[in-house]
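Please look through the following protein chain with an eye to how its strands pair, how its helices are covered and where its aromatic rings meet. The paragraphs below take these topics in turn.

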Amino acid sequence: MENLILFLALGALLSSSPGRSHRPDCESEMLVPTPDSSHVPGFESAVLFLTGASSMEELHESEVERYERLAASPLPLNTASASRLKSSGLFSAYQIAVLLDARQSGGPILSLSELALLDGFSEAFARALGKFISLDTDIGSVFGKKKAVQQSLTLGGTLKEAGGANAVSWRFKYLCSKDGRWEAGLRNHSAGLAFYGRRHLSKLILGDFNARFGQGLAMWSGFSLSGLSATVSRNPTGLSPSHSSSSDYSLRGAAAEWTFSRRARLCAAAFVRNGKAVPVGNFSRSSPKGEWGVTILGTGLISTDLRRSAGKFDFFCEAGYDFRAIRRDADAASGSANSDSPNATTAFRSISFPSPSLLAGIVWNPRYATSVSLLLRHYPSDFAGTYSGSVRSSTKVRDETGLILSLRSSSLTLAAEALRRPESGYSQCRLLALYTPASEGPWGCSLRLAQRLRAELNSASSEDTGGGNSFSSLFGSGGSLRSDLRADLSYAPNAFSLALRANALLYRAPAWLGYSELAYRGSGGRLKCSAFARFTAFNVRNWDDRIYAYEHDARGYFTVPAYYGRGYALSFYATLKYRPFFRGVSLSLRCSYLRRSVGGVPVPDTLTLRLQTAVDL
């Protein structure tokens, strides 16, 4: 009896620990009230830190929506299986191995401070994770208490009016899950079902899913960041269900994953593309020091990847080979051999073997919150990575040789890239500098400079012919320079905040954009209200100089308008959240008005209205 009382008291103490507070939404600011890692960054800052993007404009709707789902239903760090940890995309294989070993040897993680002390983690990384994980322990399961099914229903409608023409679109999504064992989703034109097993069959998915292996040379579905950043490696998620409202970036079919001896995994999937079924398989083996894997596609493409961690260094590489090219050349040579041509034997002997696609990188962490990265890549012109999406690949890993060197610290990010595409006929250099000084007060600021210097080797086929600032003496007759300078300033003394941006761009012609935004973020209680009002002015005379600016929008929508012409825009977004007896109800309203002229000719004004309601049960 005394042991039972002691156990109940311990369970009550653990369940009331600040480190186990559930995070029902993405705007909460505190998870663990400890001095060293109590402040969890905002949603946007956390997403940028984890993705490595330098601005929200570089992301895609499906990627942002994935983080929104994690913010609304945080990943249970202390109870999630290795398969679910990997599917989240938040951790590397090494971090997952360290986390599992820490849970087994020391019990559940009690706070972000404790998480930051694990090998492979840091305080900044733990703070960013605070938006998307929970440290709850499954105390209820000890006493046989069953968890309720979590359900979410979202309905949204958009009305767009321009020049007397109206366009109406609707969107709905229904998601449900239970105990981390299964989850299902239904959207406008797609659906998906995922089951997580506890023995050898660790995952089974029907419907829409993502397949992301290695660094993406052979298989990487969904979003690939093509913008320049200091993060040169990615965390493969393996097979994971896709519940994004934008289904264009996911695969549709069936997938399964088997786990052997905790360290080895076998994945098999088949999806339909262009009326044909495409099979894909992957075998990977992880250890506390890294991961090794092989990916095979039914199209004839194979790749092998390796990742190792040693002290302050993290090394990764992947090599891919397209056997289809050999088959095509062999078939052509065989056709010549069967002919009466006297050169048939010579044609057969002249079979050419395509070059492999390669990438290799190393990350060095010389001190706390500082990393230096180097990435080398080579994608031959005869490598057809139709379903690939390798890091820093804007050509689907084809016809590209490049190098990236970057430095990342707590306040400064520097990255430089040089690449050449022989078949396309140009080379390019890009530079990125992002300075975000640390600030303890209500003020915040950042300065971002992006430079792109392009050399056209074949100006007749180039999109830049006849434009840009000439650098002929260095890079040939088609050289052009694109400069993008952005400054952001924010002031948030309390629930009200003010944000200012000034963006200047020089490429085809001088262009600029500026906006001011007043925001209110309500806090706590059953009723919570947030509102954002923005005024934007811009002058962009050429379409190639268009400037993008991210705007707040309802959950599941990602709005990054491209401003072109001369004019102004007004936008307003408000959301009201209420938590009655169930998890919550939210109502969101967005209204935007755009007036502009192009080349001195007025363009019909555009009015956009969006209304969305979401119910979480």
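In this predicted model, strand E22, which covers residues 496-506, runs antiparallel to strand E23, residues 510-521, and eleven bridges join the two. The two strands form a hairpin, with three residues between E22 and E23, and one of the pairings that can be followed across it is that of arginine 501, whose bridge partner in E23 is tyrosine 515. E23 is also joined to strand E24, residues 527-540, again in an antiparallel arrangement, here through ten bridges. Within this second pairing, glycine 514 has alanine 537 of E24 as its bridge partner.

E24 also takes part in an aromatic contact, for the structure holds 16 aromatic pairs, and phenylalanine 532 forms one of them with tyrosine 573. The ring centres of phenylalanine 532 and tyrosine 573 are 6.1 Å apart and their planes stand at 20 degrees, so the pair counts as stacked. Because phenylalanine 532 lies in E24 while tyrosine 573 lies in strand E27, residues 565-578, the pair ties together parts that are 41 residues apart in sequence. Both phenylalanine 532 and tyrosine 573 are buried.

Turning to the helices, H3 spans residues 61-72, and its twelve residues reach 16 Å from the first C-alpha to the last, which is close to the 16 Å expected at 1.5 Å a residue. How much of H3 is covered? Eleven of the twelve residues of this helix are buried, and they include charged-group names such as Glu61, Glu63, Glu65, Arg66 and Glu68 alongside Val64, Tyr67 and Leu70. The cover over the buried residues of H3 includes helices H2 (43-51) and H4 (82-88), together with strands E1 (75-76), E4 (165-178) and E7 (201-212).

The largest nonpolar core has 41 residues, and those with the most contacts inside it are Leu85, Leu90, Phe91, Leu115, Leu129, Phe132 and Ile133. At least two residues of this core come from each of H2, H3, H4, H5 (93-106), H6 (112-116) and H7 (123-129), and H5 gives the most, with six residues. A second, separate core of 34 residues includes Leu239, Ala269, Val363 and Tyr379.

Phenylalanine 91 offers a way into the surroundings of the largest core: leaving aside residues up to four places away in sequence, this residue touches Leu75, Leu77, Leu85, Ile96, Phe121, Phe125, Leu129 and Asn235. Two of these neighbours, phenylalanine 121 and phenylalanine 125, themselves form one of the aromatic pairs. Their ring centres lie 5.7 Å apart with the planes at 45 degrees, so this pair is tilted. Phenylalanine 121 is buried, with a relative accessible area of 10%, and phenylalanine 125 is likewise buried, at 11%. Elsewhere, ring pairs link Phe43, Tyr67 and Phe132 into a cluster; of these, Tyr67 is among the buried residues of H3, and Phe132 is among the residues with the most contacts inside the largest core.

Seen as a whole, the protein chain has eleven helices and 29 strands, and buried residues make up 47% of its 617 residues. Of the contacts between residues at least 6 apart in sequence, 56% join residues at least 24 apart. The chain exposes about 29,000 Å², of which carbon and sulfur atoms supply 62%.

Key: Residues numbered from 1 in each chain as written. Predicted model: local features only at pLDDT ≥ 70, side-chain atom pairs only at ≥ 80, totals over all residues. Heavy atoms only, no water. Helix = DSSP H or I, 4+ residues; strand = E, 2+ residues; numbered from the N terminus. Buried < 20%, exposed > 50% of the residue type's maximum accessible area, 1.4 Å probe, protein only. Contact = heavy atoms within 4.5 Å. Areas by Shrake-Rupley, 256 points an atom, 1.4 Å probe, with all protein chains shown as cover. Pairing = 2+ DSSP bridges. Expected span 1.5 Å × (residues − 1). Core = buried A, V, L, I, M, F, W, Y, C linked by side-chain atoms within 4.5 Å. Phe/Tyr/Trp six-rings, centres within 6.5 Å; stacked < 30°, edge-to-face > 60°.
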